[in-house]
Amino acid sequence: MSNPFFKNHGPYKISKIIKSLNLNIDNSYNEKKVHDIKDLVSSTKNDITFLHSKKYKDIAKKTKASFCLTTNALKTELPESCIALVVENVLVSTSTITSMFYPDSINDNFDETVLSIDDTHFKDKVSFGKNVLIGSNVSIGSNCKIGHNTIIEKNVVIGDNCLIGSNNIIRNTLIKNYVRILDNCTIGKHGFGFFPIKNKNFRYPHIGIVLIEDNCEIGCGATIDRGSMSNTIIGKNTYLDNQIHIAHNVKIGENSIIAGQVGIAGSSIIGNNVKIGGQAGISGHLKIGNNVEIGGGSGVIRDIPENTKVMGYPAKNIREFLRDNK
Amino acid sequence: MSNPFFKNHGPYKISKIIKSLNLNIDNSYNEKKVHDIKDLVSSTKNDITFLHSKKYKDIAKKTKASFCLTTNALKTELPESCIALVVENVLVSTSTITSMFYPDSINDNFDETVLSIDDTHFKDKVSFGKNVLIGSNVSIGSNCKIGHNTIIEKNVVIGDNCLIGSNNIIRNTLIKNYVRILDNCTIGKHGFGFFPIKNKNFRYPHIGIVLIEDNCEIGCGATIDRGSMSNTIIGKNTYLDNQIHIAHNVKIGENSIIAGQVGIAGSSIIGNNVKIGGQAGISGHLKIGNNVEIGGGSGVIRDIPENTKVMGYPAKNIREFLRDNK
Amino acid sequence: MSNPFFKNHGPYKISKIIKSLNLNIDNSYNEKKVHDIKDLVSSTKNDITFLHSKKYKDIAKKTKASFCLTTNALKTELPESCIALVVENVLVSTSTITSMFYPDSINDNFDETVLSIDDTHFKDKVSFGKNVLIGSNVSIGSNCKIGHNTIIEKNVVIGDNCLIGSNNIIRNTLIKNYVRILDNCTIGKHGFGFFPIKNKNFRYPHIGIVLIEDNCEIGCGATIDRGSMSNTIIGKNTYLDNQIHIAHNVKIGENSIIAGQVGIAGSSIIGNNVKIGGQAGISGHLKIGNNVEIGGGSGVIRDIPENTKVMGYPAKNIREFLRDNK
């Protein structure tokens, strides 16, 4: 799938990519064109990918990418069809190249393309409040409502029968049908991802989007960041209460219920039919199975297998928690 | 007291109620009219009420309601004057009938009735900022200020000498005198209450309001949800710091002080002179006595008797907490 | 340094100050003029200061203030050059006198001085969105952007190359260069500081500001309160994620990284290169050293020495935490 919102400014000759990384590589494929940058799994021929950790060596072996940014130690994990470009810091180099392909994904300034909805063709199609603004590259289905002062910034697709409240800011987001977004939410901004280098923070590009599936409800004051190299996803019929923070690349399954003030850190994956109590926090890069119940106030710092009830900080089996805390 | 904000569309014949629940009851009181739906205590003659848990059997015995939605097991707890309507799921049936009486309590879409305050009679009475919107059925006392971009949606009563900041959204709320609401608050939306049924969430109506008593201060970014069958109440001279979440049906007493990022889950009752430290969370349906002090970061999962200091997760006596954590 | 934003309405004769505190002091210095009220360290000759706790007796001995509000027990800690004014409640008296010198620091109502940016000289200098409002006493450097619906209230200085997003409210704040403020933030309001006296809360004045140094990023939904007698400071190149609450007088060092939903209570001092995980909370009046790492969800209730990793509630050494929670 090509990126729905960020324009790919490639292809680029590999020589240009090598040069932009300040690499000293003498080679015979200088004229070869690279079409896109993707992760190990999604890459196809003529793409460039990246491998920065042993953890991914098994999927690295199967990548179809033609080039891969990696380290000297990891380069042997790649298939013969994939040429390793050895760099000092894989993630920083990946950011540099991603920014080259998708320069628009860096800039998260306020959207200068917006118009008052009264000056767009949506004025006859959508039921809307006062002071609603609409950016470029927006589509809105039938029977939708958009509340006062809400800003639908560029790169937003809204399906049918959606109810968007007031004071929201939405960009780089795909909203399916029958979704309800209450008030004061900020959805689709870049995540809190950057490399601290010599007293500067070098922010990496976020080319992912936020995807909100059918029938979801997003409570007041939510912040849902878009993904960096993949998407942030809220599954069908999942309901979020007020003041929830969903970081970049998080994926939440279907029919889940998440109570107020919960925070889910970057890249964690939450299953279907999961219930999370108020103020619980989930660390980054974790996997929470289907049908898990997490008690209010819990701090989850390890994966949770499916069909489990946990509570505590750190979260443990709820029976254990209650026994230890009689 | 009749509902101050939601119009009662009744009375309805009991036969119509029975039909809307798909019940097969042959009876002799089909023509009897039902005037309102209320809880066991508030109901009077000709009202319908509901009983879904043994917990309430003592108050059930004294209800003055003429009809009661309940289960086969619980119907014997009702007085002779009250006719039991046995249903499969009491709370779902209660929602259905409540929606029949109060159809306007279901819809929490943005308020389409609002006008710019410049186009209302408030323009000569209230000191107001730019882009202030006022809905229908709003009254505002003397000597009030309303800040920029604030939306006073329908069904709001504001007393005298109140200071409302900027970017707030308020509906279904009764604000007494000398109340200060800072910025970015969302007050009076429905709570996070619904029944998950077959991959859909069936939201129950919220016919309660938010009641904010004299001299309260509500900090920036608060979300205060209105009640479902009762009201959400903030008692006299209670102060809330920034980023606080108060769920539906919560009742907070007088002279309480609640620090930043606290969350109080649905239906909990907090006493007078209670101090709650930052980021503490209180589970739903709890009772916190007068003069209780709850340390910052605590997770309260049980009732707390009055005059107690607690801390920890789960919260326990503070001396015990400090001894266990030297 | 004189106060950058709040006008000093002094000097006042000491007799007027004594009278406003209802003190019965017969003295020979009635005509003496007091120029300002400051803390023990910052005070110079002809200022009034305050001493309310033994904790500060060492610095009290060196104060250059001519007068000091204090208690009978503490008055002997002052140097001969400083005349003690013995009062019942030092902090309440300090508030009273501060309000006398800085009456504008009490009022945090919405800013009635704002104009649409289109009606100011900034319209040719700043890149701005729809519905931007600018208060009095604002300066903005070159190459700045200000997003939709943002309100720059009175007393704000913004440096060069700053990116301010949408829906923000900022007042009493000094922003240096290359600062990014995302969306929905409320910055520079007074803190949650007051004295509960007989069922009323007597709010003390906040004459401090918020100071945001070069290269900082402030995430969506932040609340950063200005200081009471000192400033709230975010050091160079410090990044804050979404939904963070920073209370009054907090000082954060350089190059620190603070994840989502963290809360820092009043007057705590955070060092340089500190990393704080999501949802962690830090109690008031603590000192967190340089290079400290605080795990997500932690509750910090004691000072943390530099170069330490902590986690837990209460936070302890991370090795200990992980060992105790295997």
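A nonpolar core, as I use the term here, is a set of buried Ala, Val, Leu, Ile, Met, Phe, Trp, Tyr and Cys residues joined through C-beta atoms within 7 Å. I keep in mind throughout that this is a predicted model.

**Entry 1: the core**

I looked up the largest nonpolar core and found that it has 274 residues. The residues with the most contacts inside it are Ile48 and Cys68, each listed for chains A, B and C. I then took Ile48(A) and left aside its neighbours within four places in sequence. Its contacts are Ile17(A), Val34(A), Ile37(A), Ala65(A), Phe67(A), Cys68(A), Leu69(A) and Ile97(A). Cys68(A), another of the core residues with the most contacts, is thus on the contact list of Ile48(A). A general reminder to myself: in soluble globular proteins, nonpolar side chains tend to be buried together.

**Entry 2: how the chains are arranged**

I laid chain A on chain C, and the RMSD came out at 0.0 Å, with a turn of 120° and a shift of 0.0 Å along the axis. The two copies are therefore related as by a three-fold rotation axis.

Next I checked the contact between chains A and C, which takes 29 residues from chain A and 33 residues from chain C. On the side of chain A that touches chain C, I noted 11 nonpolar, 16 polar and two charged residues. For chains C and B, the contact takes 29 residues from chain C and 33 residues from chain B. The side of chain C that touches chain B divides into 11 nonpolar, 16 polar and two charged residues.

**Entry 3: a proline at the A–C contact**

What does Pro196(A) touch, beyond residues up to four places away in sequence? I found Asn201(A) in its own chain, and Asn255(C) and Ile257(C) across in chain C. Pro196(A) sits in strand E19 (residues 194-197) of chain A. It counts as partly exposed because it has 15 C-beta neighbours inside 10 Å, and the partly exposed class lies between 12 and 20.

E19(A) pairs with strand E20 (residues 200-203) of chain A in the antiparallel sense, over four bridges. In that pairing, Pro196(A) stands opposite Asn201(A). The hairpin of E19(A) and E20(A) has two residues between the strands, and there Lys198(A) takes a positive phi near 45°.

**Entry 4: domains and a sheet in chain A**

The domain assignment splits chain A into domain 1 (12-105) and domain 2 (115-324). Their centres, taken over C-alpha atoms, are separated by 31 Å. Their contact takes eight residues from domain 1 and seven residues from domain 2. On the domain 1 side I listed three nonpolar, four polar and one charged residues.

I also traced an open sheet of eight strands with parallel pairing, in the order E10-E13-E16-E21-E24-E27-E30-E33. Its edge strands are E10 (138-140) and E33 (287-288), each pairing on one side only. Within the sheet I looked at E24 (residues 232-234) and E27 (residues 251-252), which pair in the parallel sense over two bridges. Ile233(A) stands opposite Lys251(A) in E27(A).

**Entry 5: a loop residue in chain B**

Is Ile244(B) buried or exposed? It is buried, because 26 other C-beta atoms lie within 10 Å and the cut-off is 20 or more. Ile244(B) is found in the loop between strand E25 (239-240) and strand E26 (245-246) of chain B. Not counting residues up to four places away in sequence, Ile244(B) touches Gly219(B), Ala222(B), Ile258(B), Gln261(B) and Val262(B). I also noted that its C-alpha atom and that of Asp104(B), 140 residues apart along the chain, are separated by 27 Å.

Notes:
Residues are numbered from 1 along each chain as its sequence is written. Chains are lettered from A and ligands numbered from 1 in the order in which they are written. This is a predicted model: local features need pLDDT of at least 70, side-chain atom pairs count only at pLDDT 80 or more; totals for chains, interfaces and linings use all residues. Two residues are in contact if their C-beta atoms, placed from the backbone, lie within 7 Å. Copies are superposed by least squares on the C-alpha atoms of residues with pLDDT of at least 70 in both. Ala, Val, Leu, Ile, Met, Phe, Trp, Tyr, Cys and Pro count as nonpolar, Asp, Glu, Lys and Arg as charged, and the others, Gly among them, as polar. Domain bounds come from an automatic or database domain assignment. Two strands pair if DSSP finds at least two bridges between them.
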